[in-house]
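Okay, thanks for having me, everyone. I'll walk you through one structure today, and you can follow along on the screen.

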Amino acid sequence: MPVRPLPPAIGATENALRQLLTRALAGSLIGGYDEWVYLNIQERADDPTLVEGLVADALRQPREVVTAARGRLVAAGLLGCDGGLTRIGREQLHRCRTAVAETTQALTAGIDPAAVRTTLDTLDAVRGRAEQLLAGCAVPARSR
């Protein structure tokens, strides 16, 4: 049986998951993926002064994109001018995280937990190698 090429499989999965995230965010004040990533990193950051750099790294986008996302979050009332989550921001983030968790549960229902772990391990390895390639580093030779 031929093996499917990896890029289309990952791309199609990414597209479907992005649509599910958009659905989970619908009706909230969180405007989209960049804002979702920003809020999740901001809420968990130990040092608020590092948030924009962490978000830029996570999104693989320039700081200007992150600064614009922060501006949209402030305008929506989810972040205060100091960059901290507002009460509304915490409520919106919690509601959307619940929707994402429910979607994730539906996606993985009935799949053997060991298969889910293997999938996560494989995706982590692929992402790590992609990051190495982006950094101009050689990736390990194929193991036999």
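Let's jump right in with a pair on one helix: R127 and D124 are three residues apart in helix α6, which puts about one helical turn between them. Why would that spacing matter? An α-helix has 3.6 residues a turn, so residues three or four places apart point the same way. And here R127 does form a salt bridge with D124, with the closest N and O atoms 3.0 Å apart. R127 is partly exposed at 45% relative accessible area, and D124 is partly exposed too, at 40%. They also have company: R60, D124, R127 and E131 are linked in a network of salt bridges.

Before I go on, please keep in mind that this is a predicted model.

So, what's the overall picture? The protein has six helices and zero strands, and from the N terminus the elements go α-α-α-α-α-α. The C-alpha trace spans about 55 × 40 × 25 Å along its principal axes. Of the 144 residues, 23% count as buried. About 10,000 Å² is exposed, and carbon and sulfur atoms supply 58% of that. If you take contacts between residues at least 6 apart in sequence, 50% of them join residues at least 24 apart.

Back to charges. How many salt bridges does the count come to? Eight. Side chains of opposite charge can pair when their charged atoms come close. Take R97 and E43, where the closest N and O atoms are 2.9 Å apart. R97 sits in helix α5, residues 87-108, and E43 sits in helix α2, so this pair ties together parts that are 54 residues apart in sequence. R97 is partly exposed, at 23% relative accessible area, and E43 is partly exposed as well, at 36%.

Now look within helix α5. E91 forms a salt bridge with R87, at 2.8 Å between the closest N and O atoms. These two are four residues apart in the helix, so about one helical turn separates them. Are they buried or exposed? E91 is partly exposed, at 43%, while R87 counts as exposed, at 52% relative accessibility.

One more charged residue, this time with a ring: R18 lies over the face of Y33, at 3.7 Å from the ring centre. As for aromatic pairs, the count comes to zero.

Next, helix α3, which covers residues 51-59. Which of its residues are buried? V51, E52, G53, V55, A56 and L59. Those buried residues pack against α2 (33-44) and α4 (63-75). Right after α3 you reach R60, whose phi is positive, near 55 degrees. You've met R60 already, as part of that salt-bridge network.

Over on the surface, L6, I10, L123 and V126 form a nonpolar patch with about 300 Å² of accessible area together. The elements giving two or more residues to the patch are α1 (6-25) and α6 (113-134). L123 is in helix α6 and is partly exposed, with a relative accessible area of 42%.

Last stop: V116, also found in helix α6. V116 counts as partly exposed at 24% relative accessibility. What does V116 touch, leaving out residues up to four places away in sequence? T108 and I111. Compare that with R95, 21 residues from V116 along the chain: their C-alpha atoms are separated by 25 Å.

That's my tour, so over to you for questions.

Technical notes:
Residues are numbered from 1 along each chain as its sequence is written. This is a predicted model: local features need pLDDT of at least 70, side-chain atom pairs count only at pLDDT 80 or more; totals for chains, interfaces and linings use all residues. Side-chain values use heavy atoms; hydrogens and water are left out. Rings of Phe, Tyr and Trp (its six-membered ring) pair if their centres lie within 6.5 Å; planes under 30 degrees apart count as stacked, over 60 as edge-to-face and the rest as tilted. A charge sits over a ring if NZ of Lys or CZ of Arg is within 6 Å of the ring centre and within 35 degrees of the ring normal. Patches are made of residues with over 30% relative accessible area and no salt bridge: like charges are joined within 9 Å, nonpolar side chains (Val, Leu, Ile, Met, Phe, Trp, Tyr) within 5 Å. Accessible areas come from the Shrake-Rupley method with a 1.4 Å probe; for residues, only the protein chains shown count as cover. A salt bridge is a side-chain nitrogen of Lys or Arg within 4 Å of a carboxyl oxygen of Asp or Glu. Buried means under 20% relative accessible area, exposed over 50%, partly exposed in between (1.4 Å probe, protein chains only). Contact means heavy atoms within 4.5 Å.
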